[in-house]
Amino acid sequence: MAKILKVKNVKDYSSWLGHTDSHPLVSIINYEKVSPVWHSLNDYSIYGIFFHDEAEIDLTYGCGKYDYKKGTVICVAPGQIGGKEDNGEQVMLTGWALLFHPDLLHGTSLEKTIRNYSFFDYRVNEALHMTDEEHDTLVSLMRQIDDELQKRHDELQDVILVNYIELLLNFCQRFYNRQFITRRLENSDILMKFETLLHNYYENGLQFTYGLPTVQYCADKLCMSSNYFGDLIKKTTNCTAGNYIHRYIISLAKNKLSSGLGISQTAYELGFEFPQHLSRMFKNVENITPSEYCKNIRNGKHMQM
């Protein structure tokens, strides 16, 4: 069984590295100052943002492996496991880590909005790969947070720290958006695989066993986290992955209805539990009901799709 370091607070990780924190809920670690360090496989109850300047480490994250290279940012959230099990060797690292406990966010707007930063639930192989300019921006913010932590604690320090953290998260989101754009060709290939996956789902009759295809099913088959997959599809098509699936299903429904198949039979053949569920989705996508669509066909009104 792997030896796992329980990181229940920032001190647990800092103590492992020999780093002394000046705040119980926030830690900035400059790896250059604590190296060499022992590896650790960590079970996080806190948030963490990590990047190394010079490193190629074979990391474990969830059930997968990942080569952690220069310029890569990894974000972890409470409930996740990641890192590399202590194997008795030490490694020289440069780079930074920001760790903060969820308690720091209590009563702040970030407590509610942090769930919107979906990259905390990306897999490590979906990590952010920074440009040199982006790297310098994050280093600058890490230094500013570290500088604030060295100041005497007052009633405004926690507010300032939360604002810095939110700013850093917003920069990470901007950098991820850039990464989606620069990987547009790769994303187009994934979109084609997505289309093929949906086609094969119905071609193989999986709807009779599993019902309608879901975002989670498609993400798993494409070896992605559901959050990364959803964000990628949104950036590529300006449509959520769920809506994309719904549009595909409704296109199949229209083909069947146009061929004369009844609404109930169409719903059954597409994997709906009840015909009214098809009607609801059809109305959401097409702004008319299946009955109205069939009536238009009978009246010779061809809808342009």
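Select Ile29 and Ala97 to begin: Ala97, in β11, is the bridge partner of Ile29. Strands and helices here are DSSP runs numbered from the N terminus (strands E, at least two residues; helices H or I, at least four). The model is a predicted one, in which local features need pLDDT of at least 70 and side-chain atom pairs count only at pLDDT 80 or more, while totals for chains, interfaces and linings use all residues. Residues are numbered from 1 along each chain as its sequence is written, and side-chain values use heavy atoms, with hydrogens and water left out.

**The open sheet**

Extend the selection to β2 and to β11 (residues 95–100), which pair in the antiparallel sense over five bridges; strands pair if DSSP finds at least two bridges between them. Next, display the open sheet of five strands, whose order is β2-β11-β5-β8-β12, with antiparallel pairing. Which strands stand at the edges? They are β2 (26–30) and β12 (128–129); each has a single partner strand, so one side of each lacks a neighbour in the sheet. Now add helix α1 (residues 10–17), which packs on the sheet and touches β2, β5 (47–52) and β11. Its direction makes about 25 degrees with that of β2. Contact means heavy atoms within 4.5 Å.

**A parallel pair**

Move to strand β1 (residues 4–7), where Leu5 and Val7 form a covered face and Ile4 and Lys6 an uncovered one. Four bridges join β1 to strand β4 (residues 41–44), and the two run parallel. Within β4, Asn42 is the bridge partner of Leu5.

**Two packed helices**

Select helix α5 (residues 157–182) together with helix α9 (residues 226–237). They pack at an angle of about 65 degrees, with their axes 10 Å apart. Axes are lines fitted to C-alpha atoms, for helices over the stretch in contact, and angles run from 0 to 180 degrees between N-to-C directions. On the α5 side, the contact is made by Tyr176, Asn177, Gln179 and Phe180; on the α9 side, by Tyr228, Asp231, Leu232 and Lys235.

**Cysteines**

How many disulfides are there? The count comes to zero, a disulfide being a pair of cysteine sulfur atoms within 2.5 Å. Select Cys75 and Cys172: the sulfur of Cys172 is the closest cysteine sulfur to that of Cys75, yet at 5.0 Å it is too far for a bond. Cys218 is likewise in no disulfide, as the nearest cysteine sulfur, that of Cys223, is 13 Å away. Cys218 counts as buried at 1% relative accessibility, whereas Cys223 is exposed, with a relative accessible area of 52%. Buried means under 20% relative accessible area, exposed over 50%, and partly exposed in between (1.4 Å probe, protein chains only).

**A buried glutamate**

Select Glu134 in helix α4 (residues 132–149). Is Glu134 buried or exposed? At 7% relative accessibility, Glu134 counts as buried. Not counting residues up to four places away in sequence, Glu134 touches His129, Phe175 and Arg178.

**Backbone exceptions**

Most residues other than glycine have a negative phi, and most peptide bonds are trans. Select Ser35 and Pro36: the peptide bond between them is cis, with omega near 5 degrees. Pro36 lies in the loop between α2 (31–34) and β3 (37–38). Return to Cys223, which has a positive phi of about 60 degrees although it is not a glycine. Finally, select Asn287, in the loop between α12 (275–286) and α13 (290–298). Its phi is also positive, near 70 degrees.
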